[in-house]
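I opened this notebook to record what I looked up about the ligand site and its surroundings. The entries follow the order in which I examined them.

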Amino acid sequence: MSVSETAEKINSMEVRGALRIAVEAARALEEELVNGASYDELVRAGDVLRDARPTAVSLPNSINYVLHLAESHKDNDPVVAKPMLLADISDFISKLEGSLDKIAEYGANLIEEGDVLLTICNSHTVTEIMKRAWADGKRFKVYACETRPRLQGHITVKDLQATGVDVTLIVDSAAYHTMIHKDVKKVFVGADTVYSNGDVINKIGTSQVALTAKHSGAEFIVCTSSIKFSPFSVHGEVVEIEERDASEVAELPGVKVFNPAFDITPKEHVNMIVTEDGVIPPEAAYQVLKDRFGWSLG
Ligand code: RUB
């Protein structure tokens, strides 16, 4: 897919979910390079992709890493440098995709026979964990919030149901009632951005679910590849919380609508974060950033 097509698909949410966005952005830059783009053209392509959606830090992280690789080859003979750079980008994409496998393994270990789980939105990372646990022979129930206004919960339900997982759809406002009356033990959610202090940004409604999980005694587990940790937050930068069109919420002419697409869950409500490097407390976010993003932190 070309850079402009990829940017358009990310913007329209045809390509969505923070990990997939990171992978597709890297692929678009890879294709640009195959088609003969110079370093400066790659930088401009990166700008176009970066502007596609504001909140998931996996997008700038992925673009910046590919550009970092390109910069390190910039002054070398292109005949030698280009294949090396393409191999490096391909390796980066494989590692991004491969991170899911480790997270699925570690996350599935956290699910116990007879558990009742709850999730919100559609995180590929979370569904991989649940499918892995089910394939391991564990039997449990999942409640999936429908996730107004874009109903990504429907994707979650269809995906889990197709692999036989016992999943039930609920409206978002039923989350607390379900936690109490169906004895939810663990909440699994994905992430779009993890700050250096351990706060987590994910789909709107996640922070309410975290609050109710804390109140009802359920564990709140965030599942994310390290590409979603924000090196910018080390320097005090915050991400923009995307606000989407009012028409997603309601077609009511003249009525004011506030439609934020994401929210921030404070680290105090997060029991653990499952990454490809293991299960960590939110307080370890800065360590992940030092280990994984040393190249950009300087
Ligand atoms: C998606 C969302 C997902 C995270 C993690 O929001 O909030 O929970 O991106 O997904 P949107 P994954 O639908 O607005 O993109 O685990 O697949 O990276």
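Entry 1. How far does a polar side-chain atom of Lys 203 lie from an oxygen atom of the ligand? I worked from a predicted model, and there I found the distance to be 2.8 Å. I then looked up two further side chains. A polar side-chain atom of Gln 152 lies 2.8 Å from a ligand oxygen atom. For Lys 228, an N or O atom of the side chain is 2.8 Å from an oxygen atom of the ligand. I next checked how far the ligand is enclosed: on its own it has 450 Å² of accessible area, and the protein covers 99% of this.

Entry 2. I asked where the ligand sits. I located it in the largest pocket. Helix H2 (18-34), helix H6 (124-135) and strand S6 (200-203) are the elements that each give two or more residues to the shell around it.

Entry 3. I listed the shell itself. There are 18 residues around the ligand, and those that come nearest are Arg 16, Ser 123, Thr 125, Asn 202 and Lys 203. Sorted by class, I noted six nonpolar, seven polar and five charged residues in the shell. I also looked up the domains: domain 1 (3-102) and domain 2 (109-296) each supply at least three residues to the shell.

Entry 4. I turned to the backbone between strand S2 (141-145) and helix H7 (152-162), where Pro 149 lies in the loop. The peptide bond from Arg 148 to Pro 149 is cis, with omega near 0°. Leu 151 lies in the loop between S2 and H7. Leu 151 is not a glycine, yet I read a positive phi of about 60° for it. I recorded both features because most residues other than glycine have a negative phi, and most peptide bonds are trans.

Terms used. Residues are numbered from 1 along each chain as its sequence is written. This is a predicted model: local features need pLDDT of at least 70, side-chain atom pairs count only at pLDDT 80 or more; totals for chains, interfaces and linings use all residues. Side-chain values use heavy atoms; hydrogens and water are left out. A residue is near a molecule or strand if one of its heavy atoms lies within 4 Å of it. A polar contact is a pair of N or O atoms within 3.5 Å; within protein, one must be able to donate a hydrogen and the other to accept it, and residues adjacent in sequence count only if both atoms are side-chain atoms. Accessible areas come from the Shrake-Rupley method with a 1.4 Å probe; for residues, only the protein chains shown count as cover. On a 1 Å grid over the protein atoms alone, a cavity is a set of points where a 1.4 Å probe fits but cannot get out, and a pocket is an open set with protein on both sides within 12 Å along at least five of seven lines; lining residues have an atom within 4 Å of a point. A molecule sits in a cavity or pocket if more than half of its atoms lie within 2 Å of its grid points. Helices (H or I, at least four residues) and strands (E, at least two) are DSSP runs, numbered from the N terminus. Ala, Val, Leu, Ile, Met, Phe, Trp, Tyr, Cys and Pro count as nonpolar, Asp, Glu, Lys and Arg as charged, and the others, Gly among them, as polar. Domain bounds come from an automatic or database domain assignment.
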